[in-house]
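Thanks for making the time, everyone. I would like to walk you through one model this morning, so please have the sequence and the structure open while I talk.

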Amino acid sequence: MRVMAIMGTPFSPDQLAEIQVLAKEHGFTLKNMDASVHYPADVLADCEILVGYFPRGLLKGAHHLRWLHLPSAGADKYADEGLYDGHDFVLTNSSGAFGAAIAEQLVMGTLMLLRRMPEYLHQQRQHVWHRAGNLRFLGGSQVAILGTGNLGSTFAGYCSVIGAEAIGISRSGKPAPNFRQVYPMFQRLEAVRNADVVAACLPLTKETQGILDRSFFAAMKPGAIFLNVGRGKTVCQQDLIEALRSGHLGGAMLDVAEEEPMPPDCPLWDMENVFITPHISGSDLDPQNTQKIFEIFRRNFTRYVQGHPLQNVVNRTQGY
């Protein structure tokens, strides 16, 4: 009997029941594991398919693993070859499930900063009725987006509808939907020089860790705003703090941080032109996102049992 194990997924009882039926129809025993239980090192030894978030220390014992599917889009924590016993398998993610949700967060953050809402919220708490200064508009602005995959492309499309010009920055620099132009990553400083808004939607890899540093923020247009919904460690956070303190940047929205949770003494908490959310823009607990994750898995499971190539395959060398 072939075995599939699930752990830590956001699936509803009805979705889990459907997976149970699919597994049985194709000769799989479903092992629904409790993420709070401490399991022996060999608990995954007979598993062919793993779905969800498994303790990294258990993965070396999955000697018969052929496919690991992640409910998340980010795969950096599971791309390390040292986690496994050396045999080949396919790693897939749920990229595409979160694009719309996170893009809406980016639109919200962009408009709030351009319209000076952090200042007005502060004034509201102080019961102050006062014009904070001129407002800026997303329509007619240039928006530079680091990362041109599903998330970046969706945000670029939203910006275009409002009347902004979207510029992309990616590893390859290849054209992508909804972008007027896409720069390769090595030209990122040139790409952001005229941008009113810069949004980071990058995965965490060896190449992207710390890539948004002092020189990057210095290259940005004075008064530009910065948003990060990718991974916190792509940013040198102290360099961002200095760029905000100096007034060079006009504000920031951060859904991710270099260290999560962000330490209570981090200066970013107290900056009036910064607002912070605790990595929630693309939550896999949101029912709409969960449904998309489920559909991605179900579609890939059908492809798997039919012997077709899987979709959403992660390049474990690149980390995404």
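I will take a pair of helices to begin with, then the nonpolar cores, and then two individual residues.

Please keep in mind throughout that this is a predicted model, and that the values I quote are computed from it.

Let me begin with the helix pair. Two packed helices are generally described by the angle between their axes and the distance between those axes. Here the helices are H2, residues 99–114, and H4, residues 150–162, whose axes come within 8 Å and cross at roughly 45 degrees. Angles of 65 to 115 degrees would count as roughly perpendicular and those under 35 as roughly parallel, and H2 and H4 are therefore oblique to each other. Their crossing is right-handed.

Which residues make this contact of H2 with H4? From H2 we have Gly 99, Ala 100, Ile 102, Ala 103, Glu 104, Leu 106, Val 107 and Thr 110, and these meet Asn 150, Leu 151, Thr 154, Phe 155, Tyr 158 and Ile 162 of H4. By type, the residues of that contact divide into 9 nonpolar, 4 polar and 1 charged.

Now to the cores, where the general background is that nonpolar side chains in soluble globular proteins tend to be buried together. The largest nonpolar core in this model has 46 residues, and the members that touch the most others are Met 4, Leu 106 and Phe 155. If you select Leu 106 and set aside residues up to four places away in sequence, you will find that Leu 106 touches Leu 151, Phe 155, Ala 199, Cys 201, Leu 227, Val 229 and Met 253. There is also a second, separate core of 34 residues, which includes Ile 167, Phe 217, Ala 252 and Cys 266.

That leaves the two individual residues. Tyr 158 lies in helix H4, and with 30% relative accessibility Tyr 158 counts as partly exposed. Beyond four places in sequence, Tyr 158 touches Ala 100, Ala 103, Glu 104 and Val 107.

Is Ile 169, by contrast in topic, buried or exposed? Ile 169 sits in strand E7, residues 165–170, and at 0% relative accessibility Ile 169 counts as buried. Its contacts, again leaving out residues up to four places away in sequence, include Ala 144, Ile 145, Val 182, Tyr 183, Arg 188 and Val 192. Finally, the C-alpha atoms of Ile 169 and Ala 79, which are 90 residues apart along the chain, are separated by 23 Å.

Conventions:
Residues numbered from 1 in each chain as written. Predicted model: local features only at pLDDT ≥ 70, side-chain atom pairs only at ≥ 80, totals over all residues. Heavy atoms only, no water. Axes fitted to C-alpha atoms, helices over the stretch in contact; angles between N-to-C directions. Helix = DSSP H or I, 4+ residues; strand = E, 2+ residues; numbered from the N terminus. Parallel < 35°, antiparallel > 145°, perpendicular 65-115°, else oblique. Left-handed = near helix turned anticlockwise from the far one by under 90°. Contact = heavy atoms within 4.5 Å. Nonpolar A, V, L, I, M, F, W, Y, C, P; charged D, E, K, R; others polar. Core = buried A, V, L, I, M, F, W, Y, C linked by side-chain atoms within 4.5 Å. Buried < 20%, exposed > 50% of the residue type's maximum accessible area, 1.4 Å probe, protein only.
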